[in-house]
Every structure is written in C-alpha cells, then in structure tokens.
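Biologist: Please put the model on screen. I have some questions about how the chain is put together.

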Amino acid sequence: MNVNALSIDLEFWWCNEFLTDYLPRDREDGFRDSLRPIFAVLDAFDVKATFFVLGSVAETYPEVVSEIHRGGHEIACHAYSHKPLYAMSRSEFEGELKKSLELLADYNPVGFRAPSFSLNNETKWALEVLEKYGFQYDSSIFPVRTQIYGVPDAPVGIYRPSRDDITVHDPDGPIVEFPLSVLRLGTNIPVSGGFYLRVLPKRFLSWGVGRVATRRPANIYVHPHDIYPGPPLLKVPFISRLVTYHGVRTSLEKLIMLMARFSFMPMGALLDGMALLPPDAPVPIAPAAPLRPVGRDDPAIPSLPVPGLRRHPLDTVAHRYTGRTRKQVCETGDSDEVW
Ligand SMILES: [Zn+2]
C-alpha cells in the first residue's frame, strides 16, 4: 500500500463560500485554539504534513507559520485572500501570489492549492502564473462535480495538466498536479477529507481510502475547523449549515482512524520521492516513511490540551528555486488513470 499525502489548508473559519453572505462584522478568529485538535493528532502519530497557508494567515500569525515549519512540516501556498480563482482576474491572482510569496519567503513554497479547489478549464491561466513564480506542484483539481468546484473529467491520479486542457495529461506540462482523492464507483466519490471526512461513515471512509491507497498515493486534506467545533454556529440556509457544520464533532475520531491505519507524509516530499520534482527544488525534509506502528484499530483520542508545537531545527533553502528540470510522470497504475 502506498504512503499517502496529508495536507492542511491553514485558513480562518470564515474562509467558506457557504458563509460569505452571513458573516457577522465582529468575529473572533479563534485561530490558535482551532489548531489544537489537528496538532494533537499530528503529534500523537508523529505525522508530518503539508500546510497550504493562506497569505492573510501568514500576515496575522507569522509566528504560527514559523512554528509549524520548525516542526518539520511543509509550508505551501493557498493564495492570499481566499477568493476563488474564478472571482479574480489573472493580474489580481498574480498580485495575491506575489504578496503570499513575500509573506512565505522564508519557506520557499513549491506547492499551491487554489481556494475552494477553483482550478478548472475556465481558470487554467492560473497554471501559467504558478509556473512563472516557480511553483512545482499544484493540488487544486478535484475530479468530481459539486455546486462550487470540480473537474469531473480530470485524471484521478498524479499527472501533468496540459496548458490547453487541464483534463489532459501532457508529459511536458510544467506543473505536477496531485488531485484530491476520489473513488471510481460508476461516479467519482470523494474520499479526500474535509467535508467528506465529516460526512462519510467511518467504515466507508476507511475502505475508500484503503482502496485508493492500494492503487496510488491518496491525497487527504483537512481544515482546522473540520475537526474543531469552536467557530460560532451562524444562522444560514440548510445547505450551508450541512456543508459547514455537519460531522464536526465526530470527525476527529475519523481522522485518528486514518492516521492509525494509513501512512502519511507531506505532499512535496512524497512527489520528490517519486522523482517528480527537480532534484534541487527546496523540498522540506521528511522521513521517507512514517516510523510508527500502523494498523492499530481506533486508538483513544489523544487527550487535550495539546502539547505546544515542537521545535526542531530544519535546514532551509536560502533562495527560491528558479530552474526547472522536467520529469516524466510514470504512466502506470489503473488503465484509466495516469498514475
Ligand atoms: Zn481554503
């Protein structure tokens, strides 16, 4: 079974398009508290992850980003304001990216995730902008159809999107895409964390992630507020309530189950281990595979409060990588999947 990628979208609880029209003017971000459950799990299982950091978070809480980095996690980019790509012009996106890269300059991010998984064929121009700013990989494509995002025809495995059509693999494509994980059961069913972590039954989730992980590395994401029930319950329409709050109180247990049954590592290190990133790209140090027992069944939820973020020295790359060596994605795996 493959080692999988775990990522955390590091953002405020209100970065949610289903809440945008209902947000109170005065609101507490509760940001540090919102991180306690996720670090309880990461520390308990000694798992390193990729943090897609929102620029405005890095601006408000630079010390938190620094602590996360010193803890051995990968810092990647989630744009600045959390506006979806389809709500921005190309130049506006470029401005956001520049601002975010300045805020994250100490970490040399090579990975990107678009807010609300908003990369599709309408917003494919974003890939050229990512290339221009030296990004090596993207994890924004969700091969599923939903109300606000999704590219149902996209490959489900790691591939290089063509500049002309992001559903097509181009061996010369400049950016490696690591799509969010879906099961192919007639239709694509997301088993990739976030809302789906909250809403899917634990057994199905475990079976689904296992099925993906036997074929290719699974790509699982979590928002801090997916497992932290601290944000205020706003009066919102039924669908917004369902998408935002459903399962928040049971999701921590499911995440612990995933950490116990499967192996995870940061996305950049995983892609680097597959020789998909240039040899001299600044990929954060991470163990080749987690050194911990796996297969434990439903361990106890780690007791809270959480230990502080650990501090370990981590070599950093002094300058941003600008060169590029293209590597082929190995075309193996399921016959209908690139990887
Ligand atoms: Zn986000």
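Biologist: How many strands run parallel bridges to E9, and which strand is joined to E9 by four bridges?Modeller: This is a predicted model. The bridges to E9 come from E1, residues 4–10, and the two strands run parallel. The count of strands named here is one, and the strand joined to E9 by four bridges is E1.

Biologist: Which residue of E9 stands opposite Ser7?

Modeller: E1 covers residues 4–10 and E9 covers residues 219–222. Opposite Ser7 in E9 stands Tyr221.

Biologist: Are the residues on the two faces of E9 buried or exposed?

Modeller: In a regular strand the side chains alternate between the two faces of the sheet. In E9, Asn219 and Tyr221 lie on one side, and Ile220 and Val222 on the other. Both faces are covered, and the four residues are all buried.

Biologist: Within what arc do the buried residues of H4 fall, seen down the axis?

Modeller: Helix H4 spans residues 62–70, and Val65, Ile68 and His69 are buried in it. Seen down the axis of H4, these buried residues line one face of the helix, because they fall within an arc of 100 degrees.

Biologist: Which elements are included in what covers the buried residues of H4?

Modeller: Val65, Ile68 and His69 are the residues to be covered. The cover includes a helix, H3 (55–60), and two strands, E2 (50–53) and E3 (74–77). The elements asked for therefore include E2, H3 and E3.

Biologist: What phi does Gly72 take, just after H4?

Modeller: H4 covers residues 62–70, and Gly72 comes just after H4. Its phi is positive, at about 95 degrees.

Biologist: At what angle do the axes of H8 and H10 cross?

Modeller: H8 covers residues 202–215 and H10 covers residues 251–261. Their axes come within 10 Å, and H8 passes H10 in a right-handed crossing. The angle is roughly 35 degrees.

Biologist: How many residues of the contact of H8 with H10 are charged?

Modeller: H8 contributes Lys202, Leu205, Ser206 and Val209, while H10 contributes Lys254, Met257, Leu258 and Arg261. These residues divide into four nonpolar and one polar, and the charged ones number three.

Biologist: Does Ser89 count as buried or exposed?

Modeller: Ser89 is found in the loop between E3 and helix H5 (90–103). A residue with 12 or fewer C-beta neighbours within 10 Å is exposed. Ser89 has 10 inside 10 Å, so Ser89 counts as exposed.

Notes
Residues numbered from 1 in each chain as written. Predicted model: local features only at pLDDT ≥ 70, side-chain atom pairs only at ≥ 80, totals over all residues. Buried ≥ 20, exposed ≤ 12 C-beta atoms within 10 Å, placed from the backbone. Arc of directions from axis to C-beta. Contact = placed C-beta atoms within 7 Å. Pairing = 2+ DSSP bridges. Axes fitted to C-alpha atoms, helices over the stretch in contact; angles between N-to-C directions. Left-handed = near helix turned anticlockwise from the far one by under 90°. Nonpolar A, V, L, I, M, F, W, Y, C, P; charged D, E, K, R; others polar.
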